[in-house]
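Student: Hi! Could you walk me through this fold?
Tutor: Happy to, let's look at it together.
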Amino acid sequence: MRAKDIIKVIEEKFPLVNAEDWDNVGLLVGDINKEIKKIQFSIDATVEAIENAIKLNVDMIITHHPIIFKAIKSIREQETLGKKLRKLIKNDINVYCIHTNLDSTKNGLNDWVLKKIGIEESKILDLNEEKGSGIGRLYTLEEETKLINYIQKLKKDLSIRDLRVISKNLDKNVRKVALINGSAMSYWRLAKAKNVDLFITGDIGYHDALDALENGLSVIDFGHYESENFFDELLKKELNSLDLEFFVFNDGPVFNFL
């Protein structure tokens, strides 16, 4: 099966138009007409991920984060990005990125996270009415629960060992929640305006955390990698009917807790 046929299946479900304007998605390296038999899913196209793909004779790597994001002025072996691009081209490996279009499309990654934590009904936090998609989800728990208890549930449901929590009261009751996978602390004010009791996202910086805390909003940082490392589950479900062989390779979280 050619790469363009696989991409067509993906983009019919998760259109490129649903990606944020600043994003870089689609086929970023390779040949759209290349014959594909083996696909590797990797959150990031790291050197290790690329070397694993070479070892397994993979034809295409599907990543969540774009390998090429900013303008490239050179492709040199002495630079990490240049080394990676040279390896890919030498070994004829395509790299396809599906990022914010996977996150924001209905029944995409944000909704997949909700299913993993037992949420069946939600609304889009920042809805683009024209596209019918958008960043983040709002949901309401069936019953109020103490924040400390909800923290333990999230850790269990998402297999996360540690969560960073920003709150003055771990015994406060929560019921209305906003959640955005990845890095989305810039949306905390919008979440606050929706009168949520709790905002969940990743990659939270000190000053944003302090601002939210002083404004009375409880926040959970469930990690960038930790909230997205299962993106392959969703895509394999969409591609499962195709005659392809799948592999998954991730280096693991960037941050370690010691």
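Tutor: One term before we start: two strands pair if DSSP finds at least two bridges between them. Also keep in mind that this is a predicted model.
Student: Okay, so which residue in S6 is the bridge partner of Ile124?
Tutor: That's Arg137.
Student: And how many bridges join S5 to S6?
Tutor: Five, and the two strands run antiparallel. Strand S6 spans residues 133-146.
Student: What's the strand order in the whole sheet?
Tutor: The order is S5-S6-S8-S9-S10-S7, an open sheet of six strands with mixed pairing.
Student: Which strands stand at the edges?
Tutor: S5 (123-128) and S7 (164-166) do. Each has a single partner strand, so one side of each lacks a neighbour in the sheet.
Student: What does the twist average from one strand to the next?
Tutor: It averages 20°.
Student: Which helix lies across S6 and S8?
Tutor: Helix H5, residues 109-116, and it runs at about 135° to S8 (173-183).
Student: Switching topic: at what angle do the axes of H2 and H3 cross?
Tutor: Roughly 15°, with the axes of H2 (residues 47-55) and H3 (residues 80-90) coming within 10 Å. Angles under 35 degrees count as roughly parallel, and H2 and H3 are therefore roughly parallel to each other.
Student: Left-handed or right-handed crossing?
Tutor: Left-handed for H2 and H3. On the H2 side, the contact is made by Val47, Ile50, Glu51 and Ile54. H3 brings Thr80, Lys83, Lys84, Lys87 and Leu88.
Student: What's the mix by class in that contact?
Tutor: Between H2 and H3, four residues are nonpolar, one is polar and four are charged.

Terms used
Residues are numbered from 1 along each chain as its sequence is written. This is a predicted model: local features need pLDDT of at least 70, side-chain atom pairs count only at pLDDT 80 or more; totals for chains, interfaces and linings use all residues. Side-chain values use heavy atoms; hydrogens and water are left out. Helices (H or I, at least four residues) and strands (E, at least two) are DSSP runs, numbered from the N terminus. Axes are lines fitted to C-alpha atoms, for helices over the stretch in contact, and angles run from 0 to 180 degrees between N-to-C directions. Contact means heavy atoms within 4.5 Å. Angles under 35 degrees count as roughly parallel, over 145 as roughly antiparallel, 65 to 115 as roughly perpendicular and the rest as oblique. A crossing is left-handed if the near helix is turned anticlockwise from the far one by less than a right angle, and right-handed if clockwise. Ala, Val, Leu, Ile, Met, Phe, Trp, Tyr, Cys and Pro count as nonpolar, Asp, Glu, Lys and Arg as charged, and the others, Gly among them, as polar.
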